[in-house]
Amino acid sequence: MSLAPPISDQKADLRNAALALRDAMPPEARAAAAEVIANRAFPVAIKPGLVVSGFMPLKSEINPLPLLRKLAGAGAKLALPAIAGRGKPLTMRAYAFGDEFARGQWGIREPKPEAPEVFPDIVIVPLACFDRAGHRIGYGAGYYDMTIHRLRAMKPVTAIGIAFAAQEVPHVPAAAHDERLDLVLTENETFDFRGS
């Protein structure tokens, strides 16, 4: 009788395959997908003052900035993550287009340390792959799972993955600490898991 490989190995295989697909997409297709998502009706009502956290895209990640621009125009306040250290939730700091950045871990642009910490109502989440049950695989450090868990312990928070359609997989093996997404936005479809 053969045993299934550990979840961490299964996730690593899915992550590597999904990132290879994403990396193979032409830059024009990636840019077009980001614009399609930004131009589609956003699935959550944006009330003035609602805090939405996004992220600065790395490598071939989908670019959430066109969507963040649209949400800011609708009255949302923006935030971006800052890495607080391995094994710790991300610190979400207030951000507005035009603000100067600090260079964070891995050269990621993040708000300067003096930017106030905020507690988002909506967290836009990067991912390597996702399934139709609302599970995602990130990059393996667990930052977003810890962050979403912390925020959900404080108040209702909507976690929204943003990805290319090519990043969908049939099944993501989920562990107890994995936080489920409420929605996933791709260029082809909006997946809503809130009722399931």
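Hi everyone, let's start at Pro-57: leaving aside neighbours within four places in sequence, Pro-57 is in contact with Ile-62, Asn-63, Pro-64 and Leu-65. One thing to keep in mind as we go is that this is a predicted model. Where is Pro-57 found? You'll see Pro-57 in the loop between β1 and α3. If you'd like a distance to check on your own screen, take Pro-57 and Ala-102: they sit 45 residues apart in sequence, and their C-alpha atoms are 15 Å apart in space.

Now let's step back to strand β1, which covers residues 51-53 and includes Ser-53. Is Ser-53 buried or exposed? Ser-53 counts as buried, because its relative accessibility is 0%. As for what Ser-53 touches, if we don't count residues up to four places away in sequence, the list is Ala-79, Met-92, Pro-120, Ile-122, Val-123 and Ile-124.

Next, please turn to helix α2, residues 27-39. The helix has 13 residues, and from first C-alpha to last it reaches 19 Å, close to the 18 Å expected at 1.5 Å a residue. Which residues of α2 are buried? They are Arg-30, Ala-33, Ala-34, Ile-37 and Ala-38. These buried residues are on the same side of α2, because they cover an arc of only 135° around the axis. There's a nice bit of helix geometry behind that kind of pattern: an α-helix has 3.6 residues a turn, so residues three or four places apart point the same way. On the other side of α2, Glu-28 and Asn-39 are exposed. And what do the buried residues of α2 pack against? Their partners are two helices, α1 (7-24) and α3 (65-73), along with two strands, β9 (158-162) and β10 (183-185).

Finally, the part I suspect many of you were waiting for, the largest pocket. About 860 Å³ of space lies in the largest pocket. The pocket is lined by 35 residues, and the closest to its centre are Gly-138, Tyr-139, Gly-140, Ala-141 and Tyr-143. Which element supplies the largest share of that lining? That would be α1, with seven residues. At least two lining residues each come from α1, β2 (77-82), β5 (109-111), β8 (136-137) and α4 (143-154). Sorted by class, the lining of the largest pocket has 18 nonpolar, 12 charged and five polar residues.

So α1 turns up twice in this tour: the buried residues of α2 pack against α1, and α1 gives the largest share of the pocket lining. Thanks for listening, and I'm happy to take questions!

Notes:
Residues are numbered from 1 along each chain as its sequence is written. This is a predicted model: local features need pLDDT of at least 70, side-chain atom pairs count only at pLDDT 80 or more; totals for chains, interfaces and linings use all residues. Side-chain values use heavy atoms; hydrogens and water are left out. Helices (H or I, at least four residues) and strands (E, at least two) are DSSP runs, numbered from the N terminus. Buried means under 20% relative accessible area, exposed over 50%, partly exposed in between (1.4 Å probe, protein chains only). Contact means heavy atoms within 4.5 Å. The expected span of a helix is 1.5 Å times one less than its number of residues. The arc is that of the directions from the helix axis to the C-beta atoms. On a 1 Å grid over the protein atoms alone, a cavity is a set of points where a 1.4 Å probe fits but cannot get out, and a pocket is an open set with protein on both sides within 12 Å along at least five of seven lines; lining residues have an atom within 4 Å of a point. Grid points are joined across faces, edges and corners, and a volume is the space filled by probe spheres set on the points. Ala, Val, Leu, Ile, Met, Phe, Trp, Tyr, Cys and Pro count as nonpolar, Asp, Glu, Lys and Arg as charged, and the others, Gly among them, as polar.
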